[in-house]
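This briefing covers two sheets and the helices that pack on them. Please have the sequence and the model open while reading.

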Amino acid sequence: MIKKVELDFHGRPLSIEVGKVAKQADGAALVRYGETVVLVTAVAAKELKTDTDFFPLTVDYQEKTFAAGKIPGGFFKREGRPSEKEILTCRLIDRSIRPLFSEGLRCETQVIATVLSADRENDPDVVAMLGASVALHVSDIPFNGPLAGVRIGRIDGRWVVNPTQSQLLESDMDIFLSGSRDAIVMVEGGARMVPEDEILEALFTGHEAIQPLLQIQEEIRREIGKPKRQVPLAELDEAIVRQVEQLALSKLQQAIEIPEKLERYKQIGEIKGEVVAKMLAEFPQKEKDIKGAFDELKRNCFRGLIIQRERRIDGRGLKDIRPITCEVEILPRTHGSALFTRGETQALVVTTLGTASDEQKIDALIGEHYKKFMLHYNFPPFSVGEVKFLRGPSRREIGHGNLAERALLPVLPPEESFPYTVRIVSEVLESNGSTSMATVCGGSLSLMDAGVPVSAPVAGIAMGLIKEGEHVRVLSDILGDEDHLGDMDFKVAGTPNGVTSLQMDIKISGVNRDIMRQALYQAREGRLHILGIMTETMGSHRASVSGHAPRITTLKVRPDKIREIIGPGGKVIRGIIEATGVKMDVEDDGTVTIASSDEAASRKAIEMVQKIAAEAEIGKIYKGTVRKIVDFGAFVEIFPGTDGLVHISQLSPERVRRVSDVLKEGDEVMVKVLEIDRQGKIRLSRKEALQETGNGPSGAGSDDSSRT
């Protein structure tokens with residue numbers, strides 16, 4: 001059975017079609033918004049994975065270049081590894097749908113979103129999110145949906161739902177959120193230092209906007225939805241649960257309050273090993289159940305400590321921030337560096353300044369564009385005391401790097417006043433929660449250490465949540481265990497004036513407005529505390545960029561001079577670079593940038609460019625070279641590629657019978673510009689130059705000495 005619904009959604013046609021394509025998948029939806037079309041499928045294996053204690057979900061989002069009428073580059077001419085945009089969209093969908101699957105589901109499940117058409121205005125990620133929910137909701141996979149996602153922008157104080165790519169350029173915020181009927185499930189976005197109240201308003205404007213999409217999905221399911229599979233609930237043996245509690249509770253309550261992470265893990269591991277060893281004699285073949293009962297007891301102890309005693313496993317109160325230390329100028333040869341330590345989380349963050357040639361070229365469906373600011377986050381295994389092969393960046397590393405990049409972008413200076421390409425690299429050296437926010441803090445300090453004139457320092461903090469019935473506890477600056485065993489991970493970064501970036505993931509069905517407000521304002525308190533400590537280390541950016549960084553000089557020349565600076569086949573610009581060792585970039589609008597850490601080399605290159613691009617001024621005297629002798633005068637080059645005519649009557653105060661009596665080709669002479677006509681032809685006078693400089697008549701081949 002085919003079902004198609006159509007509606008107008010915030011100024012553009014939206015359609016959802018189910019049952020027409022990909023019918024062998026458990027669920028499939030073809031969603032169109034404007035002229036952007038995405039196919040999303042959902043399939044779950046029929047057999048359960050009994051050997052695993054987690055839900056094996058995979059989400060893939062892929063952009064086909066044919067969707068934008070393009071052929072892939074490269075030798076193979078086909079799509080290759082996922083782009084950063086594709087990975088980030090995978091994460092958006094995964095983080096939204098994961099909390100809504102039935103508890104105990106243990107079958108391999110895969111959601112694939114494929115972009116089939118892209119109109120370059122409506123971002124496919126919003127369409128893919130809706131399609132994922134529809135495909136899961138109509139399938140037999142136990143999914144407690146529906147949900148939907150929207151992007152919220154604000155232009156001139158007016159909320160815009162699903163702004164187009166061109167509208168986002170004018171918006172002071174870009175927030176993507178997904179939600180169910182009653183609550184927000186996931187948030188990802190950035191803003192230009194927007195206050196918390198306005199962020200909150202944006203979130204719930206978005207939540208209200210998705211309600212029609214949820215209603216449509218319910219209608220589709222009622223008509224063509226499949227009956228949901230029954231998920232067997234894995235119930236623990238009560239006898240095992242009671243005995244684990246008797247053997248482990250008192251020891252576990254003491255071990256869980258050990259402040260040091262590795263020592264705590266060691267003690268808990270030893271207690272677990274003792275309990276399993278003792279109980280296997282009485283309950284053979286039940287090792288998995290014994291471990292499961294122990295893990296559940298640990299979770300209850302952890303959560304009970306916070307709910308009942310409002311105390312955390314490291315002894316802090318709910319709002320307390322871990323001890324913080326900051327250092328800058330850690331590395332001698334880098335352009336900017338900082339070491340940020342918060343408790344057992346530590347990040348070494350380094351800033352490198354480059355030129356326009358270092359920009360990253362992005363070949364996306366919406367078209368080619370360039371990035372002048374990049375932040376890369378690395379999470380090596382030693383940071384958590386583990387041994388793993390080093391591979392390329394994981395989805396998590398790309399996601400955390402994007403979050404930190406978005407947090408720092410609003411405070412960077414405009415390109416016109418700071419023409420550098422900026423790259424930040426964060427190396428996580430220790431991890432016990434909130435490494436992405438440590439990256440934000442360290443990144444802000446390293447930018448200032450590099451002399452980047454940021455408009456304000458930026459700090460970030462991760463908030464947590466423990467919710468048991470009516471009891472709600474919001475935690476500031478969460479540990480890794482508080483993230484793992486808690487109900488929410490809500491990261492907020494910003495300046496003293498407002499929020500620049502935020503990200504929220506939850507493990508419960510959603511969070512309401514009151515919890516969100518409390519988390520945002522508690523995050524602000526923590527952020528201001530952290531900014532105060534950072535300011536003690538470095539209150540402002542350095543007065544100039546690092547001595548190891550290239551000095552960039554920007555020149556403006558007439559656009560028609562660009563071809564002369566480049567020269568035939570790039571001969572002239574290559575000659576300047578070879579002669580001076582600088583980096584040079586030339587734009588079509590006449591902008592020339594020269595970069596070098598050697599000041600003398602920069603000056604030499606600037607002089608060479610200025611000489612090429614110089615324009616003659618009427619009444620000014622120049623030193624030129626005779627290029628050609630003719631019967632009626634001589635052509636003198638006053639700049640490379642620019643010459644003028646000295647008429648025979650203007651060669652000398654005395655009468656000249658033959659030009660060759662006074663000049664020969666190759667002579668250097670002083671000449672004055674008399675006139676520049678409409679065609680740009682220049683009339684010169686050697687006679688007036690000699691008179692004004694006080695030199696008498698010069699013979700052929702003489703060296704005219706004068707001022708310039």
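In what order do the strands of the open three-stranded sheet lie, and is their pairing parallel or antiparallel? The order is β22-β24-β23, and the pairing is antiparallel. The model is a predicted one. An open sheet of five strands is described after the three-stranded one, and its pairing is mixed.

**Three-stranded sheet**

- The edges are formed by β22 (551-556) and β23 (583-586), each of which pairs on one side only.
- On average, neighbouring strands of this sheet are turned by 15° against each other, direction ignored.
- Six bridges link β22 to β24 (residues 591-596), and the two strands pair in the antiparallel sense.
- In this sheet, Thr 554 stands opposite Thr 593 of β24.

**Helices α14 and α15**

- Helix α15 (residues 599-613) lies across β22, β23 and β24, and runs at about 160° to β24.
- The axis of helix α14 (residues 571-580) comes within 9 Å of the axis of α15, and the two cross at roughly 155°.
- Angles over 145 degrees count as roughly antiparallel, and α14 and α15 are therefore roughly antiparallel to each other.
- The crossing of α14 past α15 is right-handed.
- On the α14 side the contact is made by Val 572, Ile 576, Ala 579 and Thr 580.
- On the α15 side it is made by Ala 601, Lys 604, Ala 605, Met 608, Val 609 and Ile 612.
- By class, the residues of the contact of α14 with α15 are eight nonpolar, one polar and one charged.

**Five-stranded sheet**

- The strands of this open sheet follow the order β11-β12-β13-β17-β16, with mixed pairing.
- Its edge strands are β11 (324-328) and β16 (373-378), and each pairs on one side only.
- Neighbouring strands here are turned by 15° against each other on average, direction ignored.
- β11 and β12 (residues 336-342) run antiparallel and are joined by five bridges.
- Val 328 stands opposite Ala 338 in β12.

**Helices on the five-stranded sheet**

- Helix α9 (residues 395-408) packs on the sheet and touches β16 and β17 (421-430).
- The direction of α9 makes about 140° with that of β16.
- Helix α10 (residues 435-449) also packs on the sheet, touching β11, β12, β13 (345-354), β16 and β17.
- The direction of α10 makes about 145° with that of β12.

Note on methods:
Residues numbered from 1 in each chain as written. Predicted model: local features only at pLDDT ≥ 70, side-chain atom pairs only at ≥ 80, totals over all residues. Heavy atoms only, no water. Pairing = 2+ DSSP bridges. Helix = DSSP H or I, 4+ residues; strand = E, 2+ residues; numbered from the N terminus. Axes fitted to C-alpha atoms, helices over the stretch in contact; angles between N-to-C directions. Contact = heavy atoms within 4.5 Å. Parallel < 35°, antiparallel > 145°, perpendicular 65-115°, else oblique. Left-handed = near helix turned anticlockwise from the far one by under 90°. Nonpolar A, V, L, I, M, F, W, Y, C, P; charged D, E, K, R; others polar.
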